[in-house]
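Okay, thanks for making time, everyone. I'd like to walk you through a structure today, so have a look at it on the screen while I talk.

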Amino acid sequence: PELKVYLAQDLVTPEKSVHEDIVVGERVDAVKQKATAATIQALNDTVAVLDNGKLQAAVDLLFKADRIVFCGVGGSGILALDARHSFIRTGKTALAFVDAHEQGMIAALSGPGDVFVLISHSGATRDMLEIAETAKEKGARTISITHLGKPPLGRITDVHLMTAARETLYR
């Protein structure tokens, strides 16, 4: 999957690199173009590496869940909150926690009807690893969303989804 992304990135010939840093004093239209291009590229790259079987497995877990718990810290916490907002519309009980202590408490109180979605760009954040292990010990199912590669979080969750989004300085 990583090779596909790198090949796709090499074939793209935008006017400027989509992952250029935004610099102080840059014109608004240049900032707008860079941010939009980076988002589009991240989506296209993710579609190229996202495993359909794993995606279906995640959908099945979420469909059967009584309660969905999204967890992330830092920038990933914002994604967890956004996911909760979207999933509330499905009629499922959806929660999101961005504080590691609260995540630990909810994991300790989880059970077989719960699905934890753990979002971590690196997939190596110690807090996320502990939350996944605790939730699994309590019988909850787990889904991880990380960047490409073989991070520790992906090895301990039931389903591991990978994205190709790059962290940028202006994110």
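Let me start with a question: which residues does Leu62 touch, not counting those up to four places away in sequence? Looking at the model, which is a predicted one, the answer is Ile68, Phe87, Lys92, Val115, Val117 and Ile143.

Let's step back for the overall layout. The chain has 7 helices and 5 strands, and from the N terminus on they run α-α-α-β-α-β-α-β-α-β-α-β. There are 171 residues, and 38% of them count as buried. If you take contacts between residues at least 6 apart in sequence, 66% join residues at least 24 apart. As for the outside, the accessible surface comes to about 9,900 Å², with 58% of that belonging to carbon and sulfur atoms.

Back to Leu62, then. Leu62 is part of the largest nonpolar core, which has 16 residues, and it's among those touching the most other members, along with Ile68, Phe70, Val115, Val117, Ile143 and Val159. Who supplies this core? Helix H3, strand S1, helix H4 and strands S2, S3 and S5 each put in at least two residues. There's also a second, separate core of 14 residues, and that one includes Cys71, Ala107, Met128 and Ala135.

Now helix H3, residues 52-64. H3 has 13 residues and spans 18 Å from first C-alpha to last, close to the 18 Å you'd expect at 1.5 Å a residue. Ala58, Leu61 and Leu62 are buried in H3. Seen down the axis, those buried residues fall within an arc of 95°, so they line one face of the helix. They pack against S1, H4, S3, S4 and S5. On the other side of H3 you've got Asn52, Phe63 and Lys64, which are exposed. And the N-terminal end of H3 has a cap, Asp51, with a side-chain oxygen 2.9 Å from the backbone nitrogen of Gly53.

One of the partners I mentioned for Leu62 was Ile143. Ile143 sits in strand S4 and is buried, at 2% relative accessibility. Leaving aside neighbours within four places, Ile143 is in contact with Ala58, Leu61 and Leu62, and also with Val115, Phe116, Val117, Leu118, Thr157, Val159 and Leu161. Here's a nice pairing: Ile143 and Asp158 are 15 residues apart in sequence, yet 5.9 Å apart in space, C-alpha to C-alpha.

Next, helix H2, residues 28-49. H2 has 22 residues and reaches 32 Å, close to the 32 Å expected at 1.5 Å a residue. The buried ones are Ala30, Lys34, Ala38, Gln41, Ala42, Asp45, Thr46 and Val49. Down the axis of H2 they fall within an arc of 130°, so again they line one face of the helix. Over on the other side, Val28, Lys32, Gln33, Leu43 and Val47 are exposed.

Last stop: Ser120. You'll find Ser120 in the loop between strand S3 and helix H6. So is Ser120 buried or exposed? Well, its relative accessible area is 3%, under the 20% cut-off, so Ser120 counts as buried. What does its side chain reach? The backbone nitrogen of Gly123, at 2.9 Å. Beyond its neighbours within four places in sequence, Ser120 is in contact with Ser76, Thr125, Met128, Ile145, Thr146, His147 and Leu153. Met128, by the way, is one of the residues in that second core.

That's my tour, and I'm happy to go back to any part of it.

Note on methods:
Residues are numbered from 1 along each chain as its sequence is written. This is a predicted model: local features need pLDDT of at least 70, side-chain atom pairs count only at pLDDT 80 or more; totals for chains, interfaces and linings use all residues. Side-chain values use heavy atoms; hydrogens and water are left out. Helices (H or I, at least four residues) and strands (E, at least two) are DSSP runs, numbered from the N terminus. The expected span of a helix is 1.5 Å times one less than its number of residues. Buried means under 20% relative accessible area, exposed over 50%, partly exposed in between (1.4 Å probe, protein chains only). The arc is that of the directions from the helix axis to the C-beta atoms. Contact means heavy atoms within 4.5 Å. Accessible areas come from the Shrake-Rupley method with a 1.4 Å probe; for residues, only the protein chains shown count as cover. A polar contact is a pair of N or O atoms within 3.5 Å; within protein, one must be able to donate a hydrogen and the other to accept it, and residues adjacent in sequence count only if both atoms are side-chain atoms. A nonpolar core is a set of buried Ala, Val, Leu, Ile, Met, Phe, Trp, Tyr and Cys residues joined through side-chain atoms within 4.5 Å.
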